[in-house]
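Here is a walk through a two-chain model, written for someone who would rather be at the bench. Have the structure open while you read.

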Amino acid sequence: MTAAAGQRARRGRGGRRAGRAWRGYLYVLPAAAVYLAFAVLPALHTAYLSLFEWDGVTLGEWAGLRNYREVFTDPALRGAVFNALVLVVFFALLPILAGLVMTGLLSLPRASLGGAGSRRRGLGVYRLLFMLPQVVPLVAVGVTWRWLYGEDGLINETLGGIGLGGWARPWLGDFDWALVAVGLVGTWVLSGLCMMLFLAGVHKIDPQLYEAARLDGAGPVREFVSVTLPQLRGELAVALTVTTVAALASFDIVYVTTGGGPGEETTVPGLLVYKLAFTDGKVGLASALGVVLSLLILGLVYVINRLSRTERT
Amino acid sequence: MDGHGIAARTRAPVFLALLAVLVTACGALTPGTAADPDRPRTVPSQTAVPQEDITLSLTFADAPALVDALAAAFHKRHPHLTIEPRYTQFADYVKSIKLTMASDTAPDLAQFAVGMDDIAARGDILDLGPYRDAYGWRKKFPAAALDQLTGSGERAAEGDHLYGVPAGLSMTGIYYNKELARKAGITRPPRTLAEFDRQLAAVKKAGMTPLSVGALDSGGLHLWAALLNNAMEPEKYRAWVKGAEGATIETEEALAATAKLVEWSRKGYVDEAAGGTTQNDSTGAFVRGRGVFLINGNWAAGQLSEAMGKKAGFFLMPAAHEGARAVSSGFSVSYAISSRTRHPRAAGAFLDFLASKEAQKIVAANGFLAVDEEAVPTPKGVLGDVARAHRRVTDDDGMNHFPDFTAPGMLDPLRAGVQKLLAGRTTPEAYLASLQDVWDEQYGSGR
């Protein structure tokens with residue numbers, strides 16, 4: 001084959017490849033159009049609005065980067081970001097720990113008995129129970145917990161009942177405990193999600209690994225730490241990503257339970273974006289805070305993904 | 001590679017096209033629109049009711065039953081005029097009203113809400129001044145209620161543009177549980193602040209919760225405003241709320257009122273659960289016998305009367321001296337006319353109808369205070385207490401705005417600020433300074 005012919009052939013192949021690529025884009029088009037219209041464009045529009053001083057109705061005024069300067073210098077806005085980072089502990093770390101413990105307990109018989117079919121009886125019931133918080137709308141969750149945390153609520157009554165009446169307090173109105181109280185609602189909601197993710201992951205683990213571990217004399221705990229945990233790395237990364245985003249972008253639970261109070265103890269960026277835009281008429285500043293929050297979340301998610309990937313190889 | 005190059009070349013126009021779409025999209029999305037100078041800014045001065053068939057749309061957030069009844073009664077009086085109510089939940093209403101009134105499909109009539117000054121400044125609602133004179137509204141409505149709805153069309157503090165007309169009024173005050181109060185040796189409402197102080201102390205000593213406050217939402221600011229109403233001269237306070245030049249809340253009187261709130265909290269007079277309790281929940285707890293006193297508004301009177309009967313009573317936060325001017329906080333369910341309406345005279349007829357005896361009876365039956373207490377019979381029990389207190393406030397021209405009417409961004413600093421005061425997390429000075437900061441941002445400090 002001459003060089004020219006080879007070149008022609010390659011060009012032909014390239015043309016076919018380009019055609020195939022085009023067809024590929026055609027398939028992607030509907031989804032891409034929807035994504036573009038409802039995710040990318042609004043995001044760009046928000047970034048654009050963040051450069052204005054605008055009340056939502058009258059003609060906006062160009063502000064340049066002034067809104068961003070305010071985001072980084074206003075102590076109230078910085079405090080909100082700090083609160084969101086505290087919530088990461090309750091929305092991400094605690095649910096993952098709880099999810100792992102529950103997974104360990106629920107998959108225990110299967111692992112120690114070695115048979116794939118012999119699951120703990122009533123597993124479905126447990127799954128349903130722990131998954132329930134995911135199914136209930138967050139607003140209903142918030143209202144329910146507001147009652148539970150109330151002065152005469154179940155939590156204070158229980159504390160009184162077991163002789164810890166001194167600990168009873170208006171949890172959501174307490175400057176030291178409100179954020180913890182709100183955070184624990186998130187823990188309650190997200191633990192079930194983590195457990196479901198991990199349980200699904202456990203079912204994919206090769207039973208031979210457990211068999212090998214048992215032949216080596218590993219107990220249930222050792223099995224969990226040496227086999228289950230490393231095999232769940234992918235699921236852990238997903239759970240961490242989802243829950244971290246939930247913590248940083250939290251809005252509904254806080255809005256319904258405390259409205260950001262007492263004082264600004266539980267104010268989170270999501271709540272501030274809403275308040276700034278819709279009650280204070282500062283759409284530009286709200287957009288700037290939204291953009292900063294998005295970048296923060298993207299950054300954290302990137303770090304999580306990188307960590308889980310490097311550990312795997 | 002060649003093939004790659006071709007693919008890249010064919011892809012490039014796509015990206016360029018996308019980029020073009022984005023850029024043009026952004027260009028068309030320059031936020032906001034300027035006001036239209038050609039639209040009328042004021043209503044005509046004739047009061048003749050048009051005789052053709054007209055349907056007026058009315059967007060509102062409060063009391064659907066009241067609005068339906070008013071619309072039906074109005075239709076009965078003027079059979080060719082129909083009111084078509086459009087209900088929106090309050091929280092959404094406040095957020096969407098600016099856009100609703102700025103749109104080309106704006107309703108003919110709209111319930112007045114916080115931020116209406118901005119809407120008036122944009123020329124989206126009409127100045128009702130000519131109607132005020134033609135219909136004689138100054139005689140039909142309480143001065144304070146009209147005053148709260150008056151401004152310059154640019155700034156609420158100046159001018160005599162009328163933005164809206166009240167249907168029913170609201171007012172805050174203190175409810176008390178007569179049965180529990182008697183256990184603490186209290187047999188009558190306090191006449192002075194000092195007497196109230198002693199009563200709170202007596203309740204505390206008797207081992208009960210003195211004052212229930214739903215400070216998770218707006219109960220805290222009602223308590224603060226009630227104390228402030230009796231400390232600060234109403235005219236000075238109103239100048240501040242309306243953004244008059246040089247007005248300030250950082251005064252000796254306001255400081256004393258704020259310090260009183262802190263003192264009550266420190267002495268354990270305020271329910272320690274206040275910061276974690278909503279107004280609704282605090283009212284429910286009061287019904288169940290938690291708290292001898294409760295700060296709330298007339299909107300809770302119906303519920304309390306039904307649940308507690310003769311056990312419930314109501315009084316205004318007392319002033320320092322007996323027989324002082326009766327001052328309280330309140331606002332109205334009031335309606336404005338859109339500048340885009342094609343039927344300003346029909347809309348005017350509806351607003352004037354609100355002052356009629358017939359309309360006032362409907363208003364009272366729906367739990368609001370009538371603009372003219374004489375027009376309706378005084379109810380019994382706690383509802384009667386509220387009506388009588390309201391008449392005193394009206395007679396003394398003592399109805400103040402709620403403090404959050406100062407600026408759209410004022411509600412949050414008030415709510416969070418009172419929570420901090422109650423918990424001893426801020427000083428009265430810092431609290432007042434934070435409110436003044438919001439005021440300065442809205443109205444400018446150097447003016």
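## Chain A, helix by helix

Of the 313 residues in chain A, 36% are buried. Bear in mind that this is a predicted model. Chain A holds 14 helices and two strands. Among its contacts with a separation of 6 or more, 72% join residues 24 or more positions apart.

What does UniProt say about chain A? An unreviewed entry there lists residues 21-44, 80-108, 128-148, 177-200, 236-256 and 283-304 under "transmembrane region". Two of those listed spans can be set against the model. Residues 128-148 of chain A are 90% helix and 0% strand, and the C-alpha atoms at the two ends lie 22 Å apart. For residues 236-256 of chain A, the figures are 86% helix and 0% strand, with 29 Å between the end C-alpha atoms.

Now zoom in on helix α6 of chain A, which covers residues 138-149. Does its length agree or disagree with what you'd expect for a helix? At 1.5 Å a residue, its 12 residues should span 16 Å, and the end C-alpha atoms are indeed 16 Å apart, so the two agree.

Which residues of α6(A) are buried? They are A:V141, A:W145, A:R146 and A:Y149. Looking down the axis of α6(A), you'd find these buried residues within an arc of 135°, so they line one face of the helix. On the other side of α6(A) sit A:V139, A:A140 and A:W147, which are exposed. As for partners, the buried residues of α6(A) pack against four helices of chain A: α5 (123-135), α7 (154-161), α8 (178-204) and α12 (252-257).

One of those partners, α5 of chain A, is home to A:F130. Is A:F130 buried or exposed? It has 20 or more C-beta neighbours inside 10 Å, 21 to be exact, so A:F130 counts as buried. Setting aside neighbours within four places in sequence, A:F130 touches A:M102, A:S191, A:G192 and A:M195. A:A37 is another matter: A:F130 and A:A37 are 93 residues apart in sequence, and their C-alpha atoms are 36 Å apart in space.

Another partner of α6(A), α12, leads to a backbone detail. A:P262 lies in the loop between α12 and α13 (269-278) of chain A. The peptide bond running from A:G261 to A:P262 is cis, and its omega is near -5°.

## Chain B and its two domains

Over in chain B, buried residues make up 51% of the 447 residues. The secondary structure here comes to 19 helices and 14 strands. Along the principal axes, the C-alpha atoms of chain B fill a box of roughly 95 × 70 × 45 Å. Contacts between residues 24 or more positions apart account for 78% of those in chain B with a separation of 6 or more.

Chain B splits into domain 1 (54-170 + 331-375) and domain 2 (172-329 + 401-443). How far apart are the C-alpha centres of the two domains of chain B? They lie 29 Å apart. Where the domains of chain B meet, 10 residues of domain 1 are in contact with 14 residues of domain 2. On the domain 1 side of chain B, the touching residues divide into five nonpolar, four polar and one charged.

Some loop residues of chain B are worth a look too. Two of them, B:A63 and B:D397, have a positive phi without being glycine.

| Residue | Phi |
|---|---|
| B:A63 | near 55° |
| B:D397 | near 50° |

B:A63 sits in the loop between β1 (54-60) and α2 (64-77) of chain B. Because it has 20 C-beta neighbours inside 10 Å, B:A63 counts as buried. B:D397 belongs to the loop between α17 (381-395) and β14 (399-400) of chain B. With 15 other C-beta atoms within 10 Å, B:D397 is partly exposed.

The last stop is B:K267, in the loop between α12 (252-266) and α13 (279-287) of chain B. B:K267 has 13 other C-beta atoms within 10 Å, so it is partly exposed. Measuring by sequence, B:K267 and B:L200 are 67 residues apart, while in space their C-alpha atoms are 9.6 Å apart.

Definitions and conventions
Residues numbered from 1 in each chain as written. Chains lettered and ligands numbered in written order. Predicted model: local features only at pLDDT ≥ 70, side-chain atom pairs only at ≥ 80, totals over all residues. Domains from an automatic or database assignment. Contact = placed C-beta atoms within 7 Å. Nonpolar A, V, L, I, M, F, W, Y, C, P; charged D, E, K, R; others polar. Expected span 1.5 Å × (residues − 1). Buried ≥ 20, exposed ≤ 12 C-beta atoms within 10 Å, placed from the backbone. Arc of directions from axis to C-beta. UniProt positions renumbered as here; feature names shortened; annotations may be inferred.
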